[in-house]
Amino acid sequence: MPVNILKSKKYRHQKIMELIENRAIDTQEDLVRELEKEGIIVTQATLSRDMKELGIIKLRKATGNFYYKIATEFGGSEREIRKKFIDFVREIKITGNLILIKTPPGEAQGVARAIDLVELKYILGTIGGDDTILVVVDTAEHAKLILKKFRDFLLKPKTAR
């Protein structure tokens, strides 16, 4: 059993980033085990907060399995946000200039980050919880446009024949 080395948060973050960049990490449990090999003992709750702070998001491989990636590598393309929406968005509602998005538990942060990275016009910001995202749009009229865009993201792209 590894010794619990009390390292700084900065050091722990650096190791998390290195592991995500250099190894195939599919689950938070895998990441906890890899950190233990580095002598860093961390709870799942702390790791989850660290991943949020570092902008680490979950993506789906072509095989259907998931993996973690640093959001700065994500690129903010509409193709990638469409993938996030198809994989994780379960419900979208609108009220005035606010849009509420529901996801499975643990997925809201990654979808909110994807929305932020795409930098859609009229969106003032997002707040991502565990399974709910609040998207603040500048006006109710623009919120209707954003809602349509979000619903379009849920449609699988047509493939050329």
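This report describes the fold, one helix, the largest pocket and four individual residues of a single protein chain.

**Overall fold**

The structure is a predicted model. Its chain contains seven helices and six strands. In sequence order, these elements follow the pattern α-α-α-β-β-α-α-β-β-α-β-β-α. The chain has 161 residues, and buried residues make up 38% of them. Among contacts in the chain with a separation of 6 or more, 54% are accounted for by residues 24 or more positions apart. The surface that the chain exposes amounts to about 9500 Å². Carbon and sulfur atoms supply 52% of that exposed area.

**Helix H3 and its surroundings**

Helix H3 covers residues 44-54, and its buried residues are Thr46, Leu47, Asp50, Met51 and Leu54. Seen down the axis of H3, these buried residues fall within an arc of 135°, so they line one face of the helix. What lies over them? The cover of the buried residues of H3 includes two helices, H1 (9-22) and H2 (28-37), together with two strands, E1 (56-60) and E2 (66-70). Just after H3 comes Gly55, which takes a positive phi of about 75°.

**The largest pocket**

The largest pocket holds about 530 Å³ of space. Its lining consists of 30 residues, and the closest to the pocket centre are Ser48, Ile56, Gly106, Gln109 and Gly110. Which elements each supply at least two residues of this lining? They are H2, H3, E1, helix H6 (108-118) and strand E5 (123-128). Helix H3 therefore appears in two settings: its buried residues line one face of the helix, and H3 also supplies at least two residues of the pocket lining. By residue class, the lining of the largest pocket divides into nine nonpolar, eleven polar and ten charged residues.

**Four residues in their settings**

The table gives the position and relative accessible area of four residues.

| Residue | Location | Relative accessible area | State |
|---|---|---|---|
| Lys156 | segment after helix H7 (140-153) | 64% | exposed |
| Tyr122 | loop between H6 and E5 | 25% | partly exposed |
| Phe150 | helix H7 | 0% | buried |
| Leu134 | strand E6 (residues 132-137) | 27% | partly exposed |

Is Phe150 buried or exposed? Phe150 counts as buried because its relative accessibility is 0%, and buried means under 20%. Not counting residues up to four places away in sequence, Phe150 touches Phe85, Ile92, Ile99, Ile101, Ile115, Leu120, Ile123 and Val135. Phe150 and Val89 are 61 residues apart along the chain, and their C-alpha atoms are separated by 9.6 Å.

Leu134, in strand E6, is partly exposed, with a relative accessible area of 27%. With residues up to four places away in sequence left out, Leu134 touches Leu98, Ile99, Gly125, Thr126 and Ile127. Ile99 is thus among the residues touched by Phe150 and also among those touched by Leu134. From C-alpha to C-alpha, Leu134 and Ile94 are 9.8 Å apart in space, while 40 residues separate them in sequence.

Lys156 follows helix H7, the helix in which Phe150 is found. Lys156 is exposed, because its relative accessible area of 64% lies over the cut-off of 50%. Lys156 and Lys83 are 73 residues apart in sequence, and their C-alpha atoms are 8.6 Å apart in space.

Where does Tyr122 lie? Tyr122 lies in the loop between H6 and E5, two elements that each supply at least two residues of the lining of the largest pocket. The phi of Tyr122 is near 85°, a positive value in a residue other than glycine. Gly55, just after H3, also takes a positive phi, of about 75°.

Notes: Residues numbered from 1 in each chain as written. Predicted model: local features only at pLDDT ≥ 70, side-chain atom pairs only at ≥ 80, totals over all residues. Heavy atoms only, no water. Helix = DSSP H or I, 4+ residues; strand = E, 2+ residues; numbered from the N terminus. Buried < 20%, exposed > 50% of the residue type's maximum accessible area, 1.4 Å probe, protein only. Contact = heavy atoms within 4.5 Å. Areas by Shrake-Rupley, 256 points an atom, 1.4 Å probe, with all protein chains shown as cover. Arc of directions from axis to C-beta. 1 Å grid on protein atoms, 1.4 Å probe; cavity = no way out; pocket = protein on both sides within 12 Å on 5 of 7 lines; lining within 4 Å. Points joined across faces, edges and corners; volume = space filled by probe spheres on them. Nonpolar A, V, L, I, M, F, W, Y, C, P; charged D, E, K, R; others polar.
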